[in-house]
Amino acid sequence: MLEQLQTQRDRMNEVRGGIAKQVIGQENVVEQVLYCILAGGHALLEGVPGLGKTLLVRTMADVMEMKYSRIQFTPDLMPADIVGTEILREEPGEGMKFVFQQGPIHGNLVLADEINRATPKTQSALLEAMQEAAVTVGGQTRKLPKPFFVLATQNPLELEGTYPLPEAQLDRFLLKIQVPFPTRDELQQIVQLTTGAAQGALQALISGEEIIEVQDSVRELLITPELVGQVVELIFRSQPDQDGASEEVRRYVRYGAGPRAAQAIVKVAKARAFLHGRLNVSGEDIREVAVPALRHRIGLNYEAAADQYSVEQLILHLLKSVGL
């Protein structure tokens, strides 16, 4: 068991090294995306245009031997453009008949680029795919290939032409990852890398079947009932109408995190423990993943905006209140 885990960890470190050849800096962002891959969930990357969000997802597709699809979200995109539709086509020997034309969601690694530039109706086309790894068209449900990940990028809502994602869809992302502006040194390396001689194509370093095996190993890592209890208490204390909610929560929170948040924290904490070479989850793992796992699942009210009170401040307050 230990030898198998070490071998799998070495493979994931090779993947991380392959990504670093194309993506300068952003180590924390890359690590959090890997948490989502190992936990079998989806990631939402937010940052202003030009920070390399799309490049990161394309690079991950290059180093992982899986079917890659890209969906460019625009205001005129329709749900059928994502999940597929039935078209009338002449089949040899059968005449004209309706056949299913797959949409780009039928891939292993799906890039939903600038997801918040499409209307909420179109964004909701991803709900079934992200929760159940299946799509229903014309009354027939079709399973999506395994493994299946949606790595979505979005621009900040302050930018023109963006729509907020529905709460139900946000809840289906394991993590919301903030992509920061690069440092001066990183920007200099980016400029040198992207304006010099063309780079060779990256080689695939891991297959989809191997990813599934690593995911199975990650799920077997241990977490104590006490830590699970603290995570559950964290979720309850984020609800303003529940017993134990603090004065800050009652004052600033419009809605709190749901059960998927607790599942996300535990699954991602296990992925972090795996990458850090441990067989069990620690309190540090929970603390490190709580902010990206909760920031998109807690809604603050206008009073919080007026007082410049951020959701990250609230999550740190909640962690402290449950002893983490």
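This is a short walk through helix packing, one loop residue and several salt bridges in a predicted model.

**Stop 1: H12 and H13**

Start by selecting helix H12, residues 259–275, together with helix H13, residues 283–294. Their axes come within 9 Å and cross at roughly 130°, which makes H12 oblique to H13. If you look at the handedness, H12 passes H13 in a right-handed crossing.

Now show the side chains in the contact. From H12, pick Ala261, Ile265, Val268, Ala269, Arg272 and Ala273. From H13, add Glu284, Asp285, Ile286, Glu288, Val289, Ala293 and Leu294. Colour these by class and you will find 9 nonpolar residues and 4 charged ones, with no polar residue in the contact of H12 with H13.

**Stop 2: H10 against H13**

Keep H13 on screen and bring in helix H10, residues 225–237. Here the axes are 12 Å apart and the packing angle is about 25°. An angle under 35 degrees counts as roughly parallel, and H10 and H13 are therefore described that way. The crossing of H10 and H13 is right-handed.

Which residues meet here? On the H10 side, select Leu227, Val231, Leu234 and Ile235; on the H13 side, Gly283, Ile286 and Leu294. By class, the contact of H10 with H13 holds 6 nonpolar residues and 1 polar residue, and no charged ones.

**Stop 3: Leucine 174**

Next, centre on leucine 174, in the loop between helix H7 (167–170) and S10. Is leucine 174 buried or exposed? With 7% relative accessibility, leucine 174 counts as buried.

Display what surrounds this side chain. Setting aside neighbours within four places in sequence, leucine 174 is in contact with Cys36, Ala39, Gly41 and His42, among others. Its contacts also include Ala264, Lys267 and Val268, as well as Pro292, Ala293, His296 and Arg297. You have met Val268 and Ala293 already, in the contact between H12 and H13. For a distance to check in the viewer, try the C-alpha atoms of leucine 174 and alanine 43: they are separated by 5.9 Å, although the two residues are 131 residues apart along the chain.

**Stop 4: Salt bridges**

How many salt bridges does a search of the whole structure find? The search finds 15, and three of them make good stops.

- Select glutamate 46 and lysine 176, whose side chains meet at 3.5 Å, N to O. Glutamate 46 lies in strand S1 (residues 43–46) and lysine 176 in strand S10 (residues 175–178), so the pair ties together parts that are 130 residues apart in sequence. Glutamate 46 counts as buried at 11% relative accessibility, and lysine 176 counts as buried at 14%.
- Move to glutamate 210 and arginine 11, with a salt bridge of 3.0 Å, N to O. This pair links helix H9 (residues 208–219) to helix H1 (residues 2–20), across 199 residues. Glutamate 210 is partly exposed at 27% relative accessibility, and arginine 11 is partly exposed at 24%.
- Then pick glutamate 303 and arginine 251, where the closest N and O atoms are 2.8 Å apart. Glutamate 303 sits in helix H14 (residues 302–306) and arginine 251 in helix H11 (residues 247–252), 52 residues apart. Glutamate 303 is partly exposed at 36%, and arginine 251 is partly exposed at 39%.

For the last selection, show Arg272, Arg278, Glu284 and Asp285, which salt bridges with shared partners join into one network. Arg272, Glu284 and Asp285 also belong to the H12 and H13 contact, so to speak bringing you back to where the tour began.

Terms used. Residues numbered from 1 in each chain as written. Predicted model: local features only at pLDDT ≥ 70, side-chain atom pairs only at ≥ 80, totals over all residues. Heavy atoms only, no water. Axes fitted to C-alpha atoms, helices over the stretch in contact; angles between N-to-C directions. Helix = DSSP H or I, 4+ residues; strand = E, 2+ residues; numbered from the N terminus. Parallel < 35°, antiparallel > 145°, perpendicular 65-115°, else oblique. Left-handed = near helix turned anticlockwise from the far one by under 90°. Contact = heavy atoms within 4.5 Å. Nonpolar A, V, L, I, M, F, W, Y, C, P; charged D, E, K, R; others polar. Salt bridge = Lys/Arg side-chain N within 4 Å of Asp/Glu carboxyl O. Buried < 20%, exposed > 50% of the residue type's maximum accessible area, 1.4 Å probe, protein only.
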